[in-house]
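Biologist: I am new to this structure. Please take a close look at the ligand site, then place it in the wider fold.

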Amino acid sequence: MDASKPTIPVTLIPGDGIGPEVVTAARRIVEATGAQIGWEEQRAGAAVFKEGMPSGVPQETIESIGRTRVALKGPLETPVGFGEKSANVTLRKLFETYGNIRPVRTLPGVPTAFSDRNIDLVVVRENVEDLYAGIEYMQTPSVAQALKLISVKGSEKISRFGFEYARSEGRTKVACATKANIMKLSEGTMKRAFEKVALDYPDIESWHVIVDNAAHQLVKRPEQFEVLVTTNMNGDILSDLTSALVGGLGFAPSANIGNEVAIFEAVHGSAPKYAGKDVINPTAMILSAVMMLRYLGLFDEAAAIEHAVFVTLESGVLTGDVLGYDRGTPTSTYADAIIGNLGQRTEAWTIRDAKKLVLPALDPAPDYVRPTERNVVGLDVFVESPLSAAELGASLMELTHDTRLSLKMVSSRGTKVFPPTGAMTETGDHFRCRFIIKETPGDLPDEDVNQLLARISRRHRWMHIEKLQEFDGELGFTRDQGEN
Ligand code: NAP
């Protein structure tokens, strides 16, 4: 290290499985460029879980990232089963790294079914909301529920992030993939936020695509996409798909970026079957380190590594995931080859000219949607019952007939089953019972909610209620299949 130059502190988490091998490769290559990084090595993941820490992330690691504001992280294993949460998701959420950038591009020397397609696209995935809130319940012994939470603020933030990221790399097209046709409120929030934010970027072509068609289009004509903004779960799935377009998870880097902290890691996991064998492809982690160097403003060092990776791949030095594990170059030898190629430039392949990413300033207010008017117009009561829909409906009508609410319908897994529709919907032990206020317009006070629940409790077991709200005259709930 050059004592006359400042050292940039970075938290380094080797991780689990193949993590230490790929992180070591990336670290050695970064150091070989002369980048002045002061690594703070920290722990997280499987070993920490096994010591009995349910988060998988020790306090020292949290404090280190809080100090350095930048981490290079190997994959962390998530124990299968109940109890523990993913340490990866914990880290992303703890530091509000709301933007997950997952770029892929066609690479020299890596044969795929898409080698001639010149793919160069980035999935920009919302990183802290959606089903990854991990809020789940067994509502009855046989029915599980997961909450999909999507906020207007989170959706606007990631949409703006997508456009700013496009600008920082000179890209001109941004698409947004959602399932807004089915989840009109949750995924629809992302679609509406994206379309609103897009108006601020008239220089960038933007469009919405339904996520299942996005998967289809990504395989059929991947070159049409430059930046693809998604909600968390959709982005997780689509970005594994996009990695396969360019050679697989061994080539897919990522960055988790927030306004304070950035965590760089490969898209892949700990691939335990390859751990310790010196056969795995470290390119994803090396390219994640390239993203980190650009984030730190070390553009020359980043470009030097990217050129060296391309020169290495062009020369036919390839790992087992490309050539077959009996013939591939070992992980450590591959890293040596890249170090040996530092300073060389690829002539046939271009390196993207990146500028520092300018993140949009955030409104510090926790919520910036304030309706001028809101009403509670009814109540959904979720009931566990062994009865048939007709029996349950009749019983609920009898129990509640003299309250301020009337039973509008009962549904099973989102389909109306009472009053009878003539359809052949199966029912189980889980029902949603929708009560609507009798007067219009109405605003239901909690005393009436309590009265209704007390009546239902006389005969039935309820486990969850949801107020049916209207904000500025807009329905804050969806209708069921078959409900008018
Ligand atoms: P995975 O570790 O990503 O491995 C899936 C497959 O992808 C591997 O079997 C291998 O395919 C290929 N692969 C992964 N990394 C590769 C690399 N560097 N080079 C070449 N090929 C690579 O996914 P998983 O098996 O589902 O998950 C294992 C553990 O990792 C789980 O505990 C999971 O929760 C965790 N995980 C962590 C992260 C993270 O830290 N961000 C992300 C995902 C998963 P082949 O079998 O075809 O060779």
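Modeller: A residue counts as near a molecule or strand if one of its heavy atoms lies within 4 Å of it. The model is predicted, so local features need pLDDT of at least 70 and side-chain atom pairs pLDDT 80 or more, while totals for chains, interfaces and linings use all residues. Numbering starts from 1 along each chain as its sequence is written, and side-chain values use heavy atoms, without hydrogens or water.

Start with the ligand. It is surrounded by 23 residues. The closest are Leu76, Gly269, Ala271, Lys273 and Tyr274. By class, this shell holds 10 nonpolar, seven polar and six charged residues. Here Ala, Val, Leu, Ile, Met, Phe, Trp, Tyr, Cys and Pro count as nonpolar, Asp, Glu, Lys and Arg as charged, and the others, Gly among them, as polar.

Next come polar contacts, which are pairs of N or O atoms within 3.5 Å; within protein, one must be able to donate a hydrogen and the other to accept it, and residues adjacent in sequence count only if both atoms are side-chain atoms. Glu265 places a polar side-chain atom 3.0 Å from a nitrogen atom of the ligand. Ser270 uses its backbone: an N or O atom there lies 3.0 Å from a ligand oxygen. A polar backbone atom of Ala271 is 2.7 Å from an oxygen atom of the ligand. On its own, the ligand has 880 Å² of accessible area, and the protein covers 67% of that. Such areas come from the Shrake-Rupley method with a 1.4 Å probe; for residues, only the protein chains shown count as cover.

Now the fold. Helices (H or I, at least four residues) and strands (E, at least two) are DSSP runs, numbered from the N terminus. Strands pair if DSSP finds at least two bridges between them. Axes are lines fitted to C-alpha atoms, for helices over the stretch in contact, and angles run from 0 to 180 degrees between N-to-C directions. Contact means heavy atoms within 4.5 Å.

One open sheet has 10 strands, in the order 2-1-3-12-11-4-5-10-8-9, with mixed pairing. Its edges are strand 2 (37–41) and strand 9 (205–210), each pairing on one side only. On average, neighbouring strands are turned by 25° against each other, direction ignored. Helix 4 (residues 87–94) packs on this sheet, at about 155° to strand 12 (262–266). Helix 9 (residues 283–295) packs on the sheet too, at about 160° to strand 12. Strands 8 (residues 173–178) and 10 (residues 227–230) run parallel, joined by four bridges. There, Ala175 stands opposite Leu228.

A second open sheet has six strands, ordered 15-14-16-13-17-18, with antiparallel pairing. Strand 15 (415–418) and strand 18 (474–475) are its edges. Helix 13 (residues 389–400) lies across strands including strand 14 (405–412), to which it runs at about 165°.

Two local details remain. Most residues other than glycine have a negative phi, and most peptide bonds are trans. Yet the bond from Phe418 to Pro419 is cis, with omega near -10°. Pro419 sits in the loop between strand 15 and strand 16. Asn118, not a glycine, has a positive phi of about 55°. It lies in the loop between strand 4 and strand 5.
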